[in-house]
Amino acid sequence: MRTTPQWALYQRENFWKLNESQTPPFNTDPIKLEQLAHEKLSQGGWYYASSNAGMSNTHLANRQAFFRHRIIPRQLVDTNLRDTTREIFGHRVSAPIGFAPIGINKIYHPSAEAAVAKVAGELNLPYCLSTAGSMPIEKVAEANGKGPRFYQLYMPHDDELTLSLLNRAWESGFDALILTTDTWQLGWRHDDVATSNYAFYRGVGADLGLTDPVFQKRCREAGIDPEKDVVAASAKWIDSVWHGRAWSWEKIPWLIEQWKKISGGRPFAVKGIQSVADAKKCVEYGVDGIVVSNHAGRQVDGAIASLDALENITNAVGDQIYIMYDSGIRGASDVAKALALGARFVFIGRLWIWGLSIMGEEGVRHVMKSLLADLDIFMAVAGFNNVEEFDRSILESYPKAYTLIPDKVL
């Protein structure tokens, strides 16, 4: 008898629906999923969700990197008791898959971060809340229930505000801190710039900041009443965490010390690592984990594919630090490839954003249950009993040969 959920049964559940005069919520093929989200979203919501830095070459490279690695299936393996679970930062979760931190969910659906956090809690998958969240930290925690949850920090150049955010997160049950280091300013995204598409400057989506007591004090000091001038307050909030100066390695010991003091020693990770040198720096500074990520191609155009960066970094420090991964994952085989190349855990972003855009909470649930079913079935038919079996021996890998011609692959 299996000790983990039989996620594969979600396939049977959807096959059976026609017998009850029902249909599945929507098609989760990533290309069709994106197309449907495009139809549902406002122009601003669509541009913000889909825009990438520059000419989208990093986004394209992220997907193409997966194609040079091929899975080698195994046959006549008894996979009836397969186990999809993995441990991350002391939490035993349903699969090595988490919800990546994505800001301003309110522009995708009115239920915003609460809907996403609720589904994550139901499925026992880690949920990461972005500092650019469009709901208060406390309300997101309430929606998440007892699920494992982490807080992603965009660090203000205001230590008192930073400490306020960390304390709010810890008191709300977010028990790991992930500092994102590739977004001191938004990358140049043509569609967003051409349409002045910035929700914060319209007074939308800054609720996490506007409910912070230290930030409210900063507004009063600047002569801004957040209730009467939401646009000015929202602009001040996001300018304080995104459009400020860059931080350097010298600030990391202070942040680690503060978080460890607040949380009683819980994990601290850095997100946005792409170079071996930076990965080694994280080891040197005592960072507990890294997320190998290029922000899904949204920050630096023409950059290395995140999957290639993962391979380089794993070779260098794979036995010295907990390595996580995001950027470009679209299905179970992508999850397996990232794990095989050295990631201990992966995070998903755009897939659940499309689901949220299409059908709110139920859309997120359908997308993520489908992905879990995909992983469970993948393991069954490819001959794997445990995600620990995903290593380089399961891959046939080919030389890098990426075209610069844009394709239609997500």
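**Close-up views, legend by legend**

**View 1. S196 sits in the loop between α8 (190-194) and α9 (207-210).** This is a predicted model, and that goes for every view below. The backbone at S196 is a bit of a surprise: phi is positive, about 50 degrees, although S196 is not a glycine. Is S196 buried or exposed? With a relative accessibility of 51%, S196 counts as exposed, because exposed here means over 50%.

**View 2. H295 is a residue other than glycine with a positive phi.** Here phi is near 60 degrees. To find H295, look in the loop that runs between β9 (289-292) and α14. Is this one buried or exposed? Its relative accessibility is 15%, so H295 counts as buried.

**View 3. A132 occupies the loop between β5 (127-130) and α6 (137-144).** A132 is buried, because its relative accessibility is just 1%. Which residues does A132 meet, once its neighbours within four places in sequence are set aside? The list is G103, I104, Y154, F200, G205, I238 and W242. For a sense of how the chain folds back here, pick out V241: it is 109 residues away from A132 along the chain, yet their C-alpha atoms are separated by 8.5 Å.

**View 4. H69 belongs to strand β1.** At 0% relative accessible area, H69 is buried. L395 is 326 residues from H69 in sequence, but the two are 6.1 Å apart in space, C-alpha to C-alpha. L395 is also one of the residues that H69 touches. Leaving out residues up to four places away in sequence, the others in that set are L307, E311, K337, L341, E396 and S397.

**View 5. Helix α4 (residues 57-67) is mostly covered.** How many of its eleven residues are buried? Nine of them are: T58, H59, L60, A61, N62, R63, Q64, A65 and F66. The cover over these buried residues includes two strands, β1 (69-71) and β10 (322-325). It also includes the helices α14 (306-317), α15 (332-340) and α16 (350-382). Strand β1 is where H69 of the previous view lies. A handy rule for looking at any α-helix: there are 3.6 residues a turn, so residues three or four places apart point the same way.

**View 6. Stepping back, the protein chain has 16 helices and twelve strands.** Along its principal axes, the C-alpha trace spans about 70 × 55 × 45 Å. The radius of gyration is 21 Å, which agrees with the value near 22 Å that a compact globule of 410 residues would have. Buried residues make up 57% of the 410. Of the contacts between residues at least 6 apart in sequence, 76% join residues at least 24 apart; the pairing of H69 with L395, 326 residues apart, is one of these. On the outside, the chain exposes about 16,900 Å², with carbon and sulfur atoms supplying 53% of that. As for charge, there are 43 positive and 47 negative side chains, and the centres of the two sets lie 1 Å apart.

**View 7. An unreviewed UniProt entry places a domain at residues 22-400.** The record calls this feature "FMN hydroxy acid dehydrogenase". What is the chain made of over residues 22-400? Helix accounts for 44% and strand for 12%. The end C-alpha atoms of this stretch are 45 Å apart.

Key. Residues are numbered from 1 along each chain as its sequence is written. This is a predicted model: local features need pLDDT of at least 70, side-chain atom pairs count only at pLDDT 80 or more; totals for chains, interfaces and linings use all residues. Side-chain values use heavy atoms; hydrogens and water are left out. Helices (H or I, at least four residues) and strands (E, at least two) are DSSP runs, numbered from the N terminus. The radius of gyration is taken over C-alpha atoms; the globule rule is 2.2 Å times the number of residues to the power 0.38. Buried means under 20% relative accessible area, exposed over 50%, partly exposed in between (1.4 Å probe, protein chains only). Contact means heavy atoms within 4.5 Å. Accessible areas come from the Shrake-Rupley method with a 1.4 Å probe; for residues, only the protein chains shown count as cover. Lys and Arg count as positive and Asp and Glu as negative; His and the chain ends are not counted. The place of a charge is taken as NZ of Lys, CZ of Arg, CG of Asp or CD of Glu. UniProt positions are given in the numbering used here, feature names are shortened, and annotations may be inferred rather than shown by experiment.
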